[in-house]
Structure formats: structure tokens, C-alpha cells
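Reader: I have the sequence and the structure open, and I'd like to know where the labels come from. Can you take me through them?

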Amino acid sequence: MTISDKLVQQLQQHLGNDNTDALVAGIMEGTAPSGEVSLQGMNLLSSMYAILKDVSITYAEYESQLEEFVEMRLQMEKLNSSTHAVLDGLGQGIVFFDSQGICSDIYSKSCLAILESQPSERHIGEVLGLDDNDRKQMQSLIDIVFQDQSTAIPFDELMQLAPHRYVHSGGNIIEINYRPMHDPSGKLTGILLVANDISKEEAAKEEIRLKEARIVRMLRIAKDKMAFVGYLRQIENVLLAPTVKSQKEDFARNLHTIKGMSKFFHLDAITSILHELENVMKAQETVCVEEMRSVCRDAIAALFDEAKGYGREIWGNNFEIQEDVVILPVSYATEFGKELREQGAQGIAFSYFQKIVSQPVRDLLIPFETQLSYFAVMTEKKINITMPASGEIRVFPTVYKEFFESLVHIARNIVDHASEPEETRLKAGKSPELNVKMDVSYGSFKNTMILTIEDDGKGIDIEKLRKKINATGENEEALLQHIFDPKISTRDSVSEESGRGIGLNAVKAAVEKLDGSINVASKFGKGSVFTLSLPIIWEPR
Amino acid sequence: MAKLNITDMKTLIVDDQISNIYDLETLLKNIGFTHVDHASDAEKATEKMETTHYNIIFIDWNMPGRSGYNLLQQYRGERKYDNTAFVIISAESGNHYIVEALKAGATAYIVKPAVEDTLKKQIERVFSWINQRTDSLSTQKI
């Protein structure tokens with residue numbers, strides 16, 4: 001047997017020539033001329049085989065472990081990019097920094113927008129745009145936090161001393177929070193900074209603040225009409241259209257009073273202007289009152305109109321020239337009238353009921369107006385309501401109680417059926433909101449009144465109504481009156497607010513109980529008008 | 001090592017104003033402390049600290065002569081006081097002061113005037129801090 005050359009070469013490569021020679025010689029030693037390898041040779045061969053086998057096992061292990069390592073590395077990379085994806089997806093500026101305050105290269109994309117820079121490898125103080133002193137202070141704080149157990153104060157409280165707002169160049173409001181990062185043994189290894197852009201929330205909060213301020217303003221104004229009307233008159237007399245020439249001292253004193261009242265009514269814009277004016281006057285040696293007036297006139301005039309607007313909202317038009325009112329329960333007033341009658345003063349009693357106890361129909365329509373507004377708000381529809389111009393016609397309220405209460409059904413019907421989508425209205429040349437106009441006037445005889453409720457909405461679909469009630473013979477006018485029938489409705493489905501169709505019937509019943517009449521006219525696409533004719537009654541029945 | 005009870009704790013108040021000392025002492029006794037010493041300046045404090053090992057030392061930040069801050073800086077490094085809590089009591093509430101005090105080694109910081117609830121909360125924290133510290137020190141010795 002010979003040992004192949006190839007094997008010899010390999011052996012020489014790895015064991016060196018001398019060793020190879022010795023090995024070969026050892027193997028060949030004692031080999032019989034017939035080629036049988038000696039026992040010694042066999043032993044050598046088998047041990048060589050064992051060594052080579054070990055080597056190949058180790059190599060195989062290495063190879064498979066290598067695969068594992070590569071796999072692990074791939075996993076790590078995937079994890080890394082997942083982490084990045086998660087961080088980026090949160091929409092928050094997230095970055096880690098260590099005990100030196102240096103930011104890591106793991107940060108969310110949002111940092112670029114929220115903190116306006118790339119934080120990696122930079123000091124967190126620099127990233128937050130702090131000046132030198134503040135930056136040093138922040139690092140001191142970081143040192144304290146990382147010094148294990150140096151203080152009894154917990155992490156959250158300590159971090160209260162760190163900046164919680166970032167000053168964004170675009171004016172966005174950025175809120176900063178901190179979280180500790182611990183390793184499995186509980187040791188602090190880093191701090192996580194989370195930056196949120198809360199501009200939207202802050203804007204919403206500001207809106208709420210303004211709304212609440214408005215409510216307080218309205219309540220203050222509404223509480224004392226006399227005070228508010230007096231206040232407006234003062235502004236007119238002192239600032240806008242003075243009737244008497246004023247001395248500087250009087251002017252200054254009046255100005256101060258008006259300023260105080262403006263503050264009370266939460267009319268902040270007026271308060272500021274007057275405050276400015278006072279400062280200017282204080283600074284000047286000589287003051288020309290006229291000059292002072294002209295300086296602020298335009299601004300004050302605009303705010304004055306705005307203030308009057310509040311008054312109108314609360315008390316109606318021309319509230320400034322309305323007299324103060326005495327409020328009595330109707331039953332109390334009625335009792336007195338009865339007393340007058342019992343005393344034999346019929347004429348006076350009649351006059352008393354007609355002029356004193358009766359209330360303007362316009363005022364009795366206020367609940368109806370409120371209902372219209374309410375239903376509009378509940379169904380998110382826009383509505384513009386015009387009350388009757390005159391409050392001259394008055395009635396005894398108790399007699400008409402049921403009638404006015406039944407008007408809620410008309411309110412529901414208007415909001416539900418007359419409303420159209422804004423685009424439809426605009427296309428038809430109408431204003432974007434549904435208009436509802438009320439009017440009260442005398443009938444042909446002064447003992448009746450005509451109340452009209454008109455809208456410029458959808459109108460009634462005549463043909464649909466005709467089909468619904470199967471009244472082929474009737475003309476349009478007569479047909480329309482069927483909407484006052486019980487259980488009639490041209491709606492296909494019953495909505496929560498309306499559609500059951502018995503509402504208008506209640507109105508008709510209440511009107512007829514008073515010996516009145518009700519009628520509806522409508523043009524599909526243009527609008528509808530309810531005309532109610534009722535007797536004018538001043539006295540209790 | 002057994003945990004310390006509040007009644008076992010020795011406290012020292014260092015303040016130049018007797019009224020402040022009185023107020024704080026009353027509060028501490030309400031909370032349950034029985035051993036409350038006081039010193040009106042840094043020197044007297046040092047004297048007392050030499051003879052008694054205090055668990056909590058309340059220091060007023062601004063004192064004429066050697067300031068409380070100075071006192072804190074001196075003792076904080078010493079091993080002897082590793083499980084003594086130094087609580088700074090100061091009228092200054094600015095972040096700057098608090099950070100400085102903590103950096104110098106204050107265990108807690110209370111803004112004057114000390115209110116019982118706040119004081120209680122801080123004392124509780126200081127308490128657990130002392131016990132934690134005492135535990136870790138004893139394990140270190142082993």
C-alpha cells in the first residue's frame with residue numbers, strides 16, 4: 001500500500017515536511033512487502049483519522065454557529081428598523097440620552113420636525129436650545145439623577161426641574177416629558193425624552209377659554225339691564241358723542257368709571273384701550289380732552305357696537321330704549337283684576353287686563369324661537385330666525401297656553417322638513433341658512449290677530465302628498481290643508497325628532513279651540529307659510 | 001440591620017431664626033419625632049454633630065456667616081454621614097437653587113414655610129432612603 005501523493009501533499013501543508021516524513025515513515029514501518037499495514041501503522045492511521053474527524057466536527061459546528069450569528073445579526077437589524085418604525089410611527093419626538101447628556105443615534109423621525117434638529121451625538125441641552133447656564137444646570141440635574149440614591153427625591157419629581165417646554169421657532173407649543181430607562185438589574189442606564197406638539201390641544205383649550213369668558217360676560221351683562229344700559233349711555237356721552245364740553249378732571253374721572261365698568265362686564269378690549277388712554281393722559285403735562293377722544297373714537301365706536309350686540313342678543317332690538325320692567329306672576333295680576341271687578345270697577349278692570357296683565361304676543365313666541373334654535377342645534381342645521389317686529393298686540397297668556405305650547409310641533413316640522421342641504425339652497429339662490437320669519441298683525445277687525453310663520457325652505461311636495469292621501473280630486477290649496485290631518489306624513493321613515501305626523505294636528509286642535517283658523521300655503525322648492533288667525537282675548541275665561 | 005423607627009431617629013435643625021426652629025420642631029414632633037436638637041449657626045451645629053450621630057439634619061440655606069450650603073458641602077463627602085439625610089429648608093424656590101442644593105448632596109429640599117403634609121411626604125421618602133442606605137452600607141461592609 002502506498003500513501004497517495006495528494007494526501008502526502010495535504011499532510012505536508014498542515015504538518016510540515018518533517019512531521020509528514022515521520023508520519024509516513026511510521027505508517028509504512030512494518031508494512032509487509034505484500035502491502036499489509038502493520039499494527040503500529042494501523043494505530044497511527046486510526047488516531048490520525050480521529051484527529052481529522054474532530055477537526056471536521058469542530059469546523060461543522062463553527063459553520064452552523066456562524067449561520068446562527070448571521071441570523072441573529074439579521075434579527076437585530078430587523079429589530080432596529082422595527083424600533084425605528086415604531087418610534088417614527090408615534091408622531092412624537094423621542095430620543096434617549098445618557099449620563100453625559102449625550103443623545104443616542106436612536107431617535108424618532110419626528111424629532112426633526114418637533115425639536116427642529118437631528119439630536120444624535122449632541123448634548124440634550126444643546127438640542128433643546130438652552131443657553132449656557134441652563135445647559136450646565138441641566139447637566140447638573142442629569143448628574144444628580146444618575147448618582148444612584150444620592151437623594152431621596154424620586155425621578156419624576158427631579159425631572160420637574162428640567163425644561164418641560166421647547167421653544168419652537170414656528171411658534172408651535174412643544175411639551176416635554178422624561179422617562180427613566182433601567183437595565184434588568186434596575187440600574188438607570190438612560191433617560192428617554194418625549195416631545196409632543198400640543199399646539200392643537202392648546203388652541204382648543206384657548207377656544208374653550210374664550211367661550212367661557214363669553215358666557216361669563218353675557219351673564220354679567222344680563223344680570224342688571226339698567227347697569228348695562230347706563231354703561232352704554234356713559235360711553236356715548238363721555239367718549240363718542242359728548243353733549244357737554246368736559247374739563248380734564250371730569251373726563252379723567254368718568255374715564256376711570258367707564259374703565260371699571262368695562263372690566264366688570266368682561267369687555268376686555270374696551271378696558272385695554274381705556275387703560276392705555278389713561279396712561280397717555282398721565283404721561284402728558286397738558287391734556288386736550290378733544291384730542292384724547294379723537295384718538296380712541298374709532299376703536300371705541302366699533303367695540304361699542306359689539307357691546308350693543310350683546311344687549312340685543314339678550315333683550316332684543318332696541319333694548320336700550322326699553323323701559324325697566326316690573327315682573328309679576330300672571331296669577332297674581334289676574335287676582336287683582338278679579339278684585340277690581342268685584343269692587344264694581346268693570347271699566348277699569350277691562351282696561352287693566354287689556355293694558356297691564358296681557359303680554360305681547362311677541363314675548364309669548366319666545367319659547368317657540370328657542371325650540372327652533374334647539375332643534376336646529378340638535379340636528380346640526382343652520383337657521384336664522386326673525387321675530388315679529390311689533391310687540392303692540394297683546395293677549396292674556398293663560399288662555400293661549402295650550403296654543404303656544406302646540407307650536408313646538410311646527411318648530412319640529414320646520415327644522416325637519418323645511419331644511420335643505422347648503423349646496424341645494426345656494427344653487428337656488430337662497431342664503432346658506434334656513435330663514436324663518438314670524439309676524440303678528442291685526443286681522444280685518446281689531447279683535448282678531450294674524451300670526452304668520454314663514455320659511456324659505458324645501459316646501460311641501462304636493463304630488464307626494466296627493467299620492468299619500470289619495471285625494472285626486474282636490475286643488476292644491478285644499479290638498480295642502482291635509483297636513484293637519486292626524487297621522488299624515490310625507491316622510492318615508494320616522495326620524496327621532498319628527499315624522500310621526502300627528503304634531504300639526506295638535507296645533508289645529510288648539511287653534512280651533514280658540515275659535516281660530518289655521519292654513520298653510522307652500523311652493524315646493526321655495527318654502528311654506530303657516531297663517532294662524534286667532535281672536536284677541538285679554539281676560540281670563 | 002433592623003429598620004429604624006421614627007421615634008429612634010435623631011434630628012438636628014440648623015437655622016439662625018428661633019421662630020423657624022420652633023415651627024419646624026413642632027411639626028416634627030407632630031409627625032412623631034422625639035429627639036429634635038437645634039443649632040443657630042454652622043459652628044454650633046458642628047459641635048453638636050461631633051457628639052451625636054444624627055439621622056436627619058435640617059439646614060437653612062441662607063444663614064449669616066457660614067451658609068447652610070457650605071455646611072452641606074463640607075459634610076456630604078464624609079463616610080460618617082453616608083446614611084445621614086441632609087434636608088435643605090429654604091425660602092428660595094427657584095429651580096436653580098434646588099439643583100445646586102441637590103448637586104451638593106442634599107437628600108431632600110423643602111420650600112419655606114414648611115407645611116405639615118409636604119413635610120410628611122418628604123420625611124417618608126427620607127426615611128426609606130435612610131433605611132435603604134443603611135442596608136446597603138451594612139451589606140457593603142460584609
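**How the labels are earned**

Author: Sure, starting with chain B: of its 142 residues, 33% are buried. Bear in mind that this is a predicted model.

Reader: What makes a residue count as buried, partly exposed or exposed?

Author: The test is a count of other C-beta atoms within 10 Å: 20 or more is buried, 12 or fewer is exposed, and what falls in between is partly exposed. In chain A, buried residues make up 23% of the 541 residues.

Reader: Then why is B:Asn20 called partly exposed?

Author: B:Asn20 has 19 C-beta neighbours inside 10 Å. Buried starts at 20 and exposed stops at 12, so B:Asn20 counts as partly exposed. You'll find B:Asn20 in helix α1 of chain B, residues 18-31.

Reader: What does B:Asn20 touch, leaving out residues up to four places away in sequence?

Author: B:Asp15 and B:Asp60. There is also a long-range pair to look at: B:Asn20 and B:Pro113 are 93 residues apart in sequence, with their C-alpha atoms 8.5 Å apart in space.

Reader: Where is B:Pro113 found, and what is the peptide bond leading to B:Pro113, cis or trans?

Author: B:Pro113 sits in the loop between β5 and α5 (116-141) of chain B. The bond from B:Lys112 to B:Pro113 has an omega near -5°, and it is cis.

Reader: How do you know that β4 and β5 of chain B pair up?

Author: Pairing takes at least two bridges between the strands. Strand β4 (residues 85-90) and strand β5 (residues 108-111) of chain B are joined by four bridges, so they pass, and they run parallel. One bridge to look up is that of B:Ile89, whose partner in β5(B) is B:Ile110.

Reader: Which elements of chain B make the right-handed β-α-β unit?

Author: β4(B), helix α4 (residues 95-103) of chain B and β5(B). The right-handed label applies because, with the strands pointing away from you, the path from the first strand over the helix to the second runs clockwise. Along the whole of chain B, from the N terminus on, the order is β-α-β-α-β-α-β-α-β-α, with five helices and five strands.

Reader: Over to chain A. How do you know that the span of α3 agrees with its number of residues?

Author: Helix α3 of chain A, residues 39-89, has 51 residues. At 1.5 Å a residue these should span 75 Å, and the end C-alpha atoms are 74 Å apart, so the two agree.

Reader: What makes α3(A) "hardly covered"?

Author: The count of buried residues among its 51 residues is zero. Helix α1 (residues 5-15) of chain A gets the same wording, with zero buried among its 11 residues. Each helix has a glycine with positive phi after it: A:Gly91 comes just after α3(A), at about 70°, and A:Gly16 follows α1(A), near 90°.

Reader: Which residues have a positive phi without being glycines?

Author: A:Glu121 is one, with a phi of about 70°, in the loop between α4 (110-114) and α5 (124-127) of chain A. A:His266 is another, at about 60°, in the loop between α10 (248-264) and α11 (268-283) of chain A.

Reader: Why is A:Glu121 called exposed, and why is A:His266 called partly exposed?

Author: A:Glu121 has 9 C-beta neighbours inside 10 Å, so it counts as exposed. A:His266 has 17 other C-beta atoms within 10 Å, so it counts as partly exposed.

Reader: And why is A:Lys513 called exposed?

Author: A:Lys513 has 12 other C-beta atoms within 10 Å. The cut-off is 12 or fewer, so A:Lys513 is exposed. A:Lys513 lies in helix α21 (residues 503-513) of chain A.

Reader: How many residues of each chain are in contact?

Author: 11 residues of chain A are in contact with 16 residues of chain B. On the chain A side they divide into five nonpolar, five polar and one charged.

Reader: What confidence does the predictor give the complex?

Author: An ipTM of 0.84 and a pTM of 0.51. Mean pLDDT is 86 for chain A and 85 for chain B. Over residues 492-498 of chain A the pLDDT is below 50, and beyond near neighbours in sequence that stretch has 13 contacts in the model.

Methods
Residues numbered from 1 in each chain as written. Chains lettered and ligands numbered in written order. Predicted model: local features only at pLDDT ≥ 70, side-chain atom pairs only at ≥ 80, totals over all residues. Contact = placed C-beta atoms within 7 Å. Nonpolar A, V, L, I, M, F, W, Y, C, P; charged D, E, K, R; others polar. Helix = DSSP H or I, 4+ residues; strand = E, 2+ residues; numbered from the N terminus. Expected span 1.5 Å × (residues − 1). pLDDT = per-residue confidence, 0-100.
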